[in-house]
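Please walk me through the structure shown below, beginning with the way its contacts are spread along the chain and ending with its nonpolar interior.

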Amino acid sequence: MNNHLIHNAVILSLAAFCGSLSASAEDVPFAVEVVDAETGRGVPLVELKTVHQMRFYTDSAGIAVIDAPELVGIETYFWVSGHGYEYPSDGFGYRGVRLRVKPGEVARVELPRVNIAERLYRITGGGIYAESARIGREAPIEEPLVNGLVFGQDSVFTIPYRGRLWWFWGDTSRPGYPLGNFHMSGATSELPGRGNLDPNVGINLDYFVDENGFSRPMAKMPGDGPTWLSGFAVLPDEGGRERLYAGYAKIRPPLTTYERGICRFDDDTEHFARVAVFPDPEGLAPNGHAIPIEDGNGTTFLHFATPYPLVRVEASPEALTDSSRYEAFTCLEGDGETPRVERDDEGRPVYRWRAGVAVLGPKEQADLITAGTLAEGEGLLNLRDIETGEPVFAHAGTVAPNAHRGRWVMITTQLFGRSVLGEVWYAEADSPLGPWAFARRIVTHDTYSFYNPMHHRAFDADEGRTLFFEGTYTELFSGAKQTTPRYDYNQIMYRLDLGDPRLNLPVAFYRVSDDQGQERLRPIEGLGDRPAEGAVAFFALDRPGEGTVPVVEVEGDEGVTLHVGADIEGTPSFHALPVDADDPPPGTAPLFAARDDQGNTRFHAGDDTLPDGWERRGEPICRVWLRPGPERQPLFP
């Protein structure tokens, strides 16, 4: 049922209401326009608070209407605050502005951004451009006040299907009653380049609605409790026709999954129907975002990222609906309660795809290390804060190939960071399986959650340099004492520029041998490149960074040597920190050269143990980042 027809009368009434507000300057309230000091764009979700604790919030255009009658004509102080933004403090430490409240006028406030990612707009919920409407400003989207009677929506999935971009959300709230839709909501929008708005501007969503105009259930599976979907994938049926599939979960209070299976979208009824029930609700199943990846043998698998893509199944309806064909990437053998680590002849854990086992995620890996089953450095999931060296416990998110960086990129939420679920991080790796080593915080929240972020690959711009991602902004799990009106339990879009120098993160350099058997240090050369050997020597920058020096590989009479400095002829092999760097960051160590009695050279960092017959030679060359995980690990599916 078309959402726009259902709401025609409502929208006409709202338009008449908004038009009446612009009748004269005296009828238009005073407003504040808060803009990003760097880009000049309006900043959503900024709070303006008076000394008598009245709070006003900017809408998606950065507009906040100040309509308290007692403030009219008075110079008023407003504390200015917004997650990831920080107004300069005065001599007393207060961060705010004094403005005279004059009806009909708009004051402009420039707000410096701390976040690397820029907050763009709210996608879901009521009153997305409500403040702008009150001062007569036109909104960029078709439904700026209410769409599908949606006032709140949890956790998004999107997938191109039938020539449009399809959107699905979890639990959805409505204005008419505290309980809403708990069986997935859905909408579609135009794909980029086919008439849709530029994602820099906004999203026009066309919701699937019921007879009352409210976003209707899309996947009401049999059984008590909510239905949640994930792992959406488009696969051809027996006749070659594309069909939309998803994994489903049935939930009992408080958050217990009692059934899992597979459902398929019926293009005629426009609902999902169950096609397979899995025997074990705790077994391997679609969970997270599905990514099609071809393995080395030409077979395409669906990998399910949460955010690490550690579960896969062959990309066919037959395999997707057969729980026995799902595999997890792990070093653990068997399905019993006592974990057994498979090890090779040298005692190293053997990681490979296995059926009938449990997922070895960040929590499980940490438990094995605590128990002594795995040693430090033997696990694959080793994300670290590039600034502090502290572990980043990745909770949920997405991974995707990126043409601009020639690597896989991750957008993930951290569990138990500065906020419980409000910190968003960027990382990159040579393959979907890693090595995931260093991450940079790109979004922060002050005691508020922003969970289940999703990178919109369909919106990538500038050949992958510009990314767009959204997440669920909510007070749930945060301990927040104040709930943000209109924004709470809704989706917010961010933009990330991968050209930002702060996102210049260390990448893996591998040991490879040339035709003469000499060791060379090489990064991957783009998506799909696979180093001949898989031994990670260390991490360094593949482009210049602040305070770094170029390191050039030179071949001479004594074999391969590394030289530091811009005056050395040749293309830098990598960029690193100088040996005498002031206050070097955690996780870095000197890089040394070593030689054996045959005149061969190799390079090692920190306290790496040299093989028998090798001896360290000369002074340290530079400082590089130590690998946080094993030297050798299978990186590619």
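A contact here means that heavy atoms lie within 4.5 Å. On that basis, in this predicted model, residues 24 or more positions apart account for 60% of those contacts in the protein that have a separation of 6 or more.

The secondary structure of the protein consists of 43 strands and 5 helices. Its radius of gyration is 27 Å, close to the 26 Å that the globule rule gives for 637 residues, and the protein is therefore as compact as a globular protein of that length. Taken along the principal axes, the box that the C-alpha atoms fill is roughly 90 × 65 × 45 Å.

Turning to the surface and the charges, the protein exposes about 27,600 Å², of which carbon and sulfur atoms supply 48%, while buried residues make up 55% of the 637 residues. The protein carries 58 positive and 94 negative charges, and the mean positions of these two sets are 3 Å apart.

In the interior, the largest nonpolar core holds 33 residues, and the members that touch the most others are Tyr426, Ile442, Phe469 and Leu496. Two or more residues of this core come from each of strand 29 (407–414), strand 30 (423–429), strand 31 (438–443), strand 33 (466–474), strand 34 (490–497), strand 35 (507–513) and strand 37 (536–540). Another core, which lies apart from it, has 29 residues, including Ile293, Leu380, Val392 and Leu433.

Notes:
Residues numbered from 1 in each chain as written. Predicted model: local features only at pLDDT ≥ 70, side-chain atom pairs only at ≥ 80, totals over all residues. Heavy atoms only, no water. Helix = DSSP H or I, 4+ residues; strand = E, 2+ residues; numbered from the N terminus. Rg over C-alpha atoms; globule rule 2.2 N^0.38 Å. Buried < 20%, exposed > 50% of the residue type's maximum accessible area, 1.4 Å probe, protein only. Areas by Shrake-Rupley, 256 points an atom, 1.4 Å probe, with all protein chains shown as cover. Lys, Arg positive; Asp, Glu negative; His and termini not counted. Charge placed at Lys NZ, Arg CZ, Asp CG, Glu CD. Core = buried A, V, L, I, M, F, W, Y, C linked by side-chain atoms within 4.5 Å.
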